[in-house]
Amino acid sequence: MQSVIERIKAGALWDFHGGIHPPENKQQSSLSPVVQAGLPPELIIPVRQHAGLAGELLVKVGDKVKKGQPLTAFERGRFVPVHASSSGVISAIGQHTVAHPSGLSDLCITLIPDGEDAWCERQSQPDYWNLDRVSLLERIQGAGIAGLGGAVFPTHSKLDGHGQLTEILIINGLECEPYITTDDRLMQEYADEILEGIRVLKHLLKPKLCLIGIEDNKPAAAKALRQQISEEDILVREVPTKYPSGGAKQTIELLTGRQVPKGGRAVDIGIMVLNVATVFAIKRAIVDGEPLIERIVTLTGDAFKQPGNAWVRLGTPVRWLLGRFDLQPEPGQRVIMGGPMMGFTLPHAMVPVVKATNCLLAPTRAELPPPEPEQSCIRCSACADACPATLLPQELYWYSRAKEYDKAEQLNLFDCIECGACAWVCPSQIPLVQYYKIAKDDIREAREEAEKAERARLRFEAKQARFERDKAAREARHAEAAAQRRQAMTAATGEDPVAAALARLKAKQEATPGEGAPDNAAMAAAREARKQEALARRAAKAAELEASAPMTEPAPSQESDPKKAAIAAALARAKAKKAAQAAGDQGADDSTAVPIASSQAPSEPIAESAPEVDPKKAAIAAAIARAKAKKADQGADDSTAAPIASSQAPSEPIAESAPEVDPKKAAIAAAIARAKAKKAAQASGDQVADDSTAAPIASSQAPSESIAESSPEVDPKKAAIAAAIARAKAKKAAQAAGEQGADDSTAAPIASSEAPSEPIAESTPELDPKKAAIAAAIARAKAKKAAQAAGDQGADDSTAAPIASSEAPSEPIAESAPEVDPKKAAIAAAVAKAKARKAAEAKEAPAAQLCAETAPGAETSAPELDPKKAAIAAAVAKAKARKAALAGATTDNETVSPADSKRDT
């Protein structure tokens with residue numbers, strides 16, 4: 001640094017990047033001396049006139065104040081007070097428009113001068129060298145001094161420098177802004193006071209060199225200063241005129257050749273820069289004890305009749321000042337606070353003069369035309385060439401306009417000094433500086449919000465920490481109190497109460513283990529039982545399906561609809577039976593009836609092995625076929641009916657293409673046909689049938705009947721219940737017939753031989769359960785009555801025995817039926833007993849009725865009955881039969897009569 005000082009003393013000068021040379025227009029005001037503007041009738045004093053926070057108010061409305069009296073308080077930091085510009089009374093405190101580009105309002109104090117202009121008590125200190133650094137800084141802050149070059153930064157904060165040493169003190173008197181001549185006139189007229197202020201600063205900062213920078217367009221000011229200088233370490237340096245050489249960074253570079261780092265300050269490189277007006281204010285504050293209450297303001301522009309410079313009290317309304325200096329406004333007259341490069345147009349003339357007001361420019365339209373419309377950037381780079389801060393104004397403009405402030409900050413937006421050189425050279429008339437100002441304000445606002453949020457977070461965390469501390473202290477107190485109580489109880493009872501309570505709890509838990517937890521064993525067992533029951537039902541259903549499936553190889557099915565195929569097969573079987581019955585007149589041998597019937601069984605499954613069909617439709621079709629076959633048998637000769645009917649089975653699968661029948665109508669028709677056939681058989685009971693022939697016929701009919709009924713999978717519960725009912729009814733009928741003198745040894749086999757056909761017949765596919773049950777019940781009830789009536793005819797015991805015994809092996813199948821509702825079974829048994837007694841009393845019916853029962857279709861030509869009535873009658877009969885079967889299931893060792901073996905065929 002010593003070499004730099006030596007070079008400066010040798011007269012070395014430097015230059016900075018960019019810069020422009022706009023018209024100066026300084027001669028209008030620089031040639032006339034500074035005058036007093038006078039005391040206005042009203043003073044509007046904003047409480048914040050610096051870059052920082054405003055202090056607290058020290059006055060209220062109605063207070064009388066003296067000239068120079070503080071109106072706001074100040075604290076450590078960037079607080080700068082304001083003072084009364086004259087003596088008077090505070091008339092109002094409120095919001096008022098202030099001198100700011102935004103045109104916003106701020107808190108202002110309205111003072112009505114009393115005309116006395118009386119000073120308050122002043123503390124002058126001519127021997128300032130006896131004051132220490134802290135005292136000097138406090139006096140400077142108390143005087144309300146801020147940077148009067150335009151930045152209005154608190155001077156005491158700037159001089160403090162955070163303990164950094166100042167080697168070079170630069171007094172900025174360049175005043176490069178066009179039109180403005182306040183510093184020029186101040187240096188010309190008050191050079192001695194400026195030098196006295198420099199000496200105060202030398203005592204405060206103790207620099208090695210002091211430089212006064214002046215542009216070469218102010219020779220009178222430079223001459224006046226040189227005449228007042230007597231020290232060797234105070235030098236006056238005249239630099240070439242170039243805008244903006246008055247900027248702090250540019251001044252440093254011009255006079256010392258050093259550059260302030262990006263984002264840094266001049267004090268970081270040991271240099272302090274102060275404006276000459278600020279130095280003058282420091283002298284008045286320290287030496288004279290006068291606070292900053294007035295300053296020199298340049299009033300210039302062609303609209304003024306007498307442009308010049310004047311001492312203006314802070315708070316003076318601009319409107320009054322313009323009238324005081326004979327402003328001759330034109331329509332739409334503009335008033336600019338500041339110069340044409342860095343100033344701003346006032347929103348109206350009732351704005352007060354503040355510490356930053358150095359010029360009031362009132363140009364005419366011819367002198368300073370309004371800005372032209374903004375056009376698109378042509379990327380000419382003229383702004384970058386003119387920028388004294390070596391920035392990229394065009395890119396800053398793009399990012400500021402797009403509000404991409406992070407990128408603008410990366411391009412050192414805050415290094416912009418807002419000199420306006422870029423906008424002055426822009427051929428597109430883009431107000432670049434305005435974009436930069438808006439971007440800076442937005443960024444500052446965002447930072448303030450972030451700081452507020454951070455402070456709120458810190459307060460919240462401190463509050464939470466305080467709560468935690470209070471909670472911990474409270475818990476500690478409670479624990480201490482509990483320990484004291486525990487000790488007291490231990491001392492009183494001789495044992496630890498906590499340990500005793502724990503021991504009692506443990507003993508209680510051991511005495512009732514698992515009492516606390518709910519016992520779900522029963523529920524789990526019930527759930528497992530239900531699961532096993534469901535699995536058993538599934539297994540039973542699968543076993544029943546396998547048992548009912550034919551053992552022979554199924555015939556290949558056609559690639560057609562399985563439902564239609566099954567119905568067609570059933571119709572074909574029915575037609576074949578009718579044809580065989582019609583051919584029975586040819587006189588078939590009775591001895592061949594049983595083999596024929598038995599030979600029918602193997603071929604029957606072939607027809608039933610068709611692809612899986614609808615169970616309901618298939619069962620209905622089978623019922624229709626059986627009804628028609630019975631009707632045909634009744635019309636044929638009794639001696640040949642059985643072999644012919646049984647020989648029809650092999651041909652049933654032939655007719656596969658029969659048309660589809662309505663299932664409900666077919667089921668109803670089948671039930672009606674069975675009922676009519678039984679009535680016809682009872683009516684023809686007077687004809688004595690051959691017992692030896694009747695038995696084979698009845699037994700041969702069972703296999704064919706079962707084959708016709710062995711349709712696809714049936715509900716196993718229903719099949720088992722039906723079988724149990726059949727056995728019970730057979731037993732009761734046998735008991736009733738025992739009174740007729742039948743041989744018990746032969747009666748049992750007859751009843752047991754009936755079993756094989758029962759489960760097979762009941763294993764029909766799932767019909768409408770109610771209708772099928774009704775039809776079956778009607779048929780069984782009528783069969784019982786006919787058999788009981790035929791008991792008096794003295795059937796041949798020797799013939800009945802082998803027939804019954806031949807059917808015994810299939811009885812166990814029915815025994816595996818599931819349990820039946822006991823109440824219903826009891827009722828059915830009672831009904832069956834009553835009917836059996838009535839049938840036994842009717843002994844006059846011939847024995848041939850037994851054979852007639854097995855030959856269905858006696859009344860083939862009878863007209864169809866009402867389907868609803870027939871279904872209801874069948875339901876009644878089925879219910880009674882079930883009740884009788886349940887009642888008879890309790891006697892396992894009882895025997896049945898031969899007459900009961902005919903009831904289900």
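Two residues are in contact here when heavy atoms of theirs lie within 4.5 Å. Keep that in mind as you click around this predicted model.

**Stop 1: K67 and its neighbours**

Select K67, in the loop between strand 3 (64-65) and strand 4 (88-97). Buried or exposed? Buried means under 20% relative accessible area, so K67, at 9%, counts as buried. Now show what K67 touches, leaving out residues up to four places away in sequence: A84, S85, S86, S87, D117, A118, W119, C120, I293 and R313. With D117 there is also a side-chain to side-chain polar contact of 3.2 Å.

W119, one of the residues K67 touches, is worth a pause. Add R122 to the selection: its charged end sits over the ring of W119, 4.4 Å from the ring centre.

**Stop 2: an aromatic pair**

The structure holds five aromatic pairs. For one of them, select Y128 and W129: the ring centres are 5.2 Å apart and the planes meet at 70°, so this pair is edge-to-face. Colour the two by accessibility and they part ways: Y128 has 6% relative accessibility and counts as buried, whereas W129 has 51% and counts as exposed.

**Stop 3: helix 9**

Next, select residues 276-288, which make up helix 9. Start just ahead of the helix with N275, which caps the N-terminal end: a side-chain oxygen of N275 lies 2.8 Å from the backbone nitrogen of A277. How far apart are the end C-alpha atoms of helix 9? They are 17 Å apart, which agrees with the 18 Å expected for 13 residues at 1.5 Å a residue.

Turn on the surroundings and you'll see that helix 9 is largely enclosed by the rest of the structure, because twelve of its 13 residues are buried. Among them are V276, F280, K283 and R284. Just past the helix, click on G289, where phi is positive at about 75°.

Stay with F280 and R284 for a moment. F280 forms one aromatic cluster with Y190 and W311. R284 lies over the face of that W311, at 5.9 Å from the ring centre. So which helix 9 residues should you keep on screen with W311? F280 shares its cluster, and R284 lies over its ring.

**Stop 4: backbone oddities**

Select Y243 and P244, which are joined by a cis peptide bond with omega of about 5°. P244 is in the loop between strand 8 (234-239) and helix 8 (248-256).

Then jump to K403, in the loop between helix 12 (393-401) and helix 13 (405-410). K403 is not a glycine, yet has a positive phi of about 60°. With a relative accessible area of 55%, K403 is exposed. E418 is another non-glycine with a positive phi, about 55°, and its place is the loop between helix 13 and helix 14 (421-425).

**Stop 5: R457 on helix 15**

Select R457, which is part of helix 15 (residues 432-493). R457 is partly exposed, at 35% relative accessible area. Its side chain makes a polar contact of 2.3 Å with that of E454.

**Zoom out**

Finally, show the whole chain, with its 32 helices and 14 strands. Buried residues account for 48% of the 905 residues. Of the contacts with a separation of 6 or more, 83% come from residues 24 or more positions apart. Put a surface on: the chain exposes about 43,200 Å², and carbon and sulfur atoms supply 54% of that.

Conventions. Residues numbered from 1 in each chain as written. Predicted model: local features only at pLDDT ≥ 70, side-chain atom pairs only at ≥ 80, totals over all residues. Heavy atoms only, no water. Helix = DSSP H or I, 4+ residues; strand = E, 2+ residues; numbered from the N terminus. Expected span 1.5 Å × (residues − 1). Buried < 20%, exposed > 50% of the residue type's maximum accessible area, 1.4 Å probe, protein only. Polar contact = N/O pair within 3.5 Å; in protein donor to acceptor, adjacent residues only side chain to side chain. Areas by Shrake-Rupley, 256 points an atom, 1.4 Å probe, with all protein chains shown as cover. Phe/Tyr/Trp six-rings, centres within 6.5 Å; stacked < 30°, edge-to-face > 60°. Lys NZ or Arg CZ within 6 Å of the ring centre and 35° of its normal.
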